[in-house]
Amino acid sequence: MKTKVIDNWLDKDLAEFLKKYLLFDFPHYYGHKSQTEDKTSFYSTYCIEGEPLNAFLIYKLRQTIKKPIDILRMYINVQHLNMNGNFHKDDGDTTCLYMASQSVNKGCEFEIENDKKYKFVNNRLIMFDSQKAHKGWGPLDHTPRITLVFKTKFKNN
């Protein structure tokens, strides 16, 4: 799959709601690592597929992808100052990364190894091949970086 970037993926009001909700009202648990051998931990919480807001976001994602998919997992990652991710690959076919917190000019980039770095822009969805090594860079200040991640598998596979 070719990497696809969609800016303004969600309605402006919903994007603004998610930005605040995921930062202030959604629980975050420390200790998540992209790979078990990673030294850096960050905050993460799995989302329950059947909850109405999550069900809508999955519906919207399926409409965007336009192919039948299964959701393997849906979760948020929260990174603070000095919480850089490490390059890793995901399971499934396509990973969809939604940038939920405020836009950042420096730091917080999403990087696909040997490919490209993407600026962190609120309400941006990046869809990419799960087998491409990638990582998220932490913020350079005290503004948290929050992403909503969908791990997907095409139903035909």
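Select Leu-148 to begin: at 2% relative accessibility, Leu-148 counts as buried, where buried means under 20% relative accessible area, exposed over 50%, and partly exposed in between (1.4 Å probe, protein chains only). Leu-148 is placed in strand β10; strands (E, at least two residues) and helices (H or I, at least four) are DSSP runs numbered from the N terminus.

The model on screen is predicted: local features need pLDDT of at least 70 and side-chain atom pairs count only at pLDDT 80 or more, while totals for chains, interfaces and linings use all residues. Residues are numbered from 1 along each chain as its sequence is written, and side-chain values use heavy atoms, with hydrogens and water left out.

**Around Leu-148**

Keep Leu-148 selected and display its contacts, contact meaning heavy atoms within 4.5 Å. Not counting residues up to four places away in sequence, Leu-148 touches Cys-47, Leu-57, Met-74, Tyr-75, Ile-76, Cys-96, Leu-97 and Tyr-98. Then add Leu-18: the C-alpha atoms of Leu-148 and Leu-18 are separated by 9.7 Å, with their positions 130 residues apart along the chain.

**The whole chain**

Zoom out and colour by secondary structure. The protein has two helices and 10 strands, which follow one another along the sequence in the pattern β-α-β-β-α-β-β-β-β-β-β-β.

How far does the C-alpha trace span along its principal axes? The extents are about 40 × 35 × 25 Å. The radius of gyration of the protein is 14 Å, which agrees with the value near 15 Å for a compact globule of 157 residues; the radius is taken over C-alpha atoms, and the globule rule is 2.2 Å times the number of residues to the power 0.38.

Of the 157 residues, 48% count as buried. Among contacts between residues at least 6 apart in sequence, 75% join residues at least 24 apart.

Switch to a surface display. The accessible surface comes to about 8,400 Å², of which 49% belongs to carbon and sulfur atoms; the areas come from the Shrake-Rupley method with a 1.4 Å probe, and for residues only the protein chains shown count as cover.

Next, mark the charged side chains. The mean positions of the 24 positive and 19 negative charges are 4 Å apart. Lys and Arg count as positive and Asp and Glu as negative, whereas His and the chain ends are not counted; each charge is placed at NZ of Lys, CZ of Arg, CG of Asp or CD of Glu.

**The loop between β1 and α1**

Select Asn-8, which is found in the loop between β1 (4-7) and α1 (12-25). Asn-8 is not a glycine, yet has a positive phi of about 55 degrees. At 61% relative accessibility, Asn-8 counts as exposed.

Move on to Trp-9, which lies in the loop between β1 and α1. Is Trp-9 buried or exposed? Trp-9 counts as buried, at 4% relative accessibility. Leaving out residues up to four places away in sequence, Trp-9 touches Leu-57, Lys-60, Leu-61, Thr-64, Tyr-98, Asn-123, Leu-125 and Phe-150.

Show Thr-64 as sticks beside Trp-9: a polar contact of 2.8 Å joins their side chains. A polar contact is a pair of N or O atoms within 3.5 Å; within protein, one must be able to donate a hydrogen and the other to accept it, and residues adjacent in sequence count only if both atoms are side-chain atoms. From Trp-9, a C-alpha to C-alpha distance of 9.8 Å leads to Met-99, 90 residues apart in sequence.

**Strands β8 and β4**

Select Met-127 in strand β8 (residues 124-129). Met-127 counts as buried at 2% relative accessibility. Apart from neighbours within four places in sequence, its contacts include Met-1, Ile-6, Ile-65 and Cys-96. The C-alpha atoms of Met-127 and Thr-95 are separated by 5.8 Å, and the two are 32 residues apart along the chain.

Asn-77 follows, in strand β4 (residues 69-79). Asn-77 counts as buried at 10% relative accessibility, and a polar contact of 3.4 Å joins its side chain to that of Ser-44.

**Last stops**

Select Cys-108 in the loop between β5 (94-99) and β6 (110-112). Cys-108 is a residue other than glycine with a positive phi, near 65 degrees, and counts as buried at 1% relative accessibility.

The tour ends at Asn-156, in the segment after β10 (145-154). Asn-156 is exposed, with a relative accessible area of 72%. Draw a C-alpha to C-alpha distance to Lys-60: Asn-156 and Lys-60 are 20 Å apart in space and 96 residues apart in sequence.
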